[in-house]
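Visitor: I'm new to this one, so could you take me in for a close look at a single part? Let's make it the cysteines.

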Amino acid sequence: MGLIAEFPRGIQNCSSLNSLDLSSNRQHGTIPSNISKFIGFVVNLDLSSNQFSGEIPADIANCSFLNNIKLDNNKLEGTIPPEIGLLGRIKTFNVANNMLTVQVPIFLNATVPAESFANNPGLCGRPLELCVTENVGNGVKKTNRTLFISGFMTGWSLFTILGLYLCFFGLPGVKKMLLLIKKSTNAMKIDGNEWPDKGIEVNNDPKVNILLAFNHHSSF
């Protein structure tokens with residue numbers, strides 16, 4: 001029809017309205033933040049192929065009768081409210097060709113194809129590519145690269161500790177050390193849990209004493 005205007009707030013007076021199709025016009029401005037007051041009983045909402053800008057209002061999730069939402073081919077930006085995925089009757093959802101970002105909603109009762117999110121360079125999550133968690137500032141930044149580095153450093157640290165342990169005690173003597181520790185531990189125990197004074201000497205080998213001290217501390 002070539003209509004040029006903002007969202008028609010006068011439809012609030014159409015109390016029996018159950019379908020609203022303003023597609024393929026030149027509507028502009030933002031979608032009302034309290035849109036549920038205007039289309040509370042609407043089943044089909046089609047605002048596609050216009051010039052609507054701004055964010056998709058989270059209040060649209062309060063329109064519990066919605067089956068079809070078409071907002072494609074506009075200038076919408078920001079995130080898609082995750083509450084939309086909770087709409088129990090939703091069957092069709094299309095926001096292709098906008099400027100939306102962050103993760104797409106998880107729909108409980110609908111399967112939305114990737115085409116419905118196409119040409120929004122900032123969108124991610126199934127059915128699109130998986131999102132990369134990134135919290136900048138006081139948070140933690142995690143990417144595939146940093147996760148790889150973190151895992152590599154952890155493995156290298158464990159390998160280094162193991163190498164130092166074997167260098168200190170020697171591979172052939174490890175089993176012997178463990179047997180000595182077990183015998184010494186049994187000798188030091190009284191009534192199952194009590195330990196004698198620290199003055200009692202069980203083994204003069206300094207290597208065994210180091211492990212005994214560690215084992216004694218771990219038992220508590």
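Visitor: To start with, is Cys63 buried or exposed?

Guide: Keep in mind as we go that this is a predicted model. Cys63 has 0% relative accessibility, so it counts as buried; the cut-off for that word is under 20% relative accessible area. Now swing over to Cys14. Its relative accessibility is 41%, so Cys14 counts as partly exposed.

Next come the cysteines that pair up. Searching the whole structure turns up one disulfide, and its partners are Cys124 and Cys131, with 1.9 Å from S to S. That fits the cut-off, because a disulfide here is a pair of cysteine sulfur atoms within 2.5 Å. You can also give this bridge a handedness: the torsion about the S-S bond of Cys124 and Cys131 is about 100°, so the disulfide is right-handed.

How do the two ends sit? Cys124 comes out at 15% relative accessibility, so this end counts as buried. Cys131 comes out at 30%, so that end counts as partly exposed.

Before you go, here's another buried spot to set beside Cys63: Phe52, with a relative accessible area of 1%. You'll find Phe52 in strand β4, which covers residues 51–54. Leaving out residues up to four places away in sequence, Phe52 touches several others, including Phe7, His28, Ile31, Leu47 and Lys75. Lys75 is worth a glance: Phe52 and Lys75 sit 23 residues apart in sequence, yet their C-alpha atoms are 5.6 Å apart in space.

How values were computed. Residues are numbered from 1 along each chain as its sequence is written. This is a predicted model: local features need pLDDT of at least 70, side-chain atom pairs count only at pLDDT 80 or more; totals for chains, interfaces and linings use all residues. Side-chain values use heavy atoms; hydrogens and water are left out. Buried means under 20% relative accessible area, exposed over 50%, partly exposed in between (1.4 Å probe, protein chains only). Helices (H or I, at least four residues) and strands (E, at least two) are DSSP runs, numbered from the N terminus. Contact means heavy atoms within 4.5 Å.
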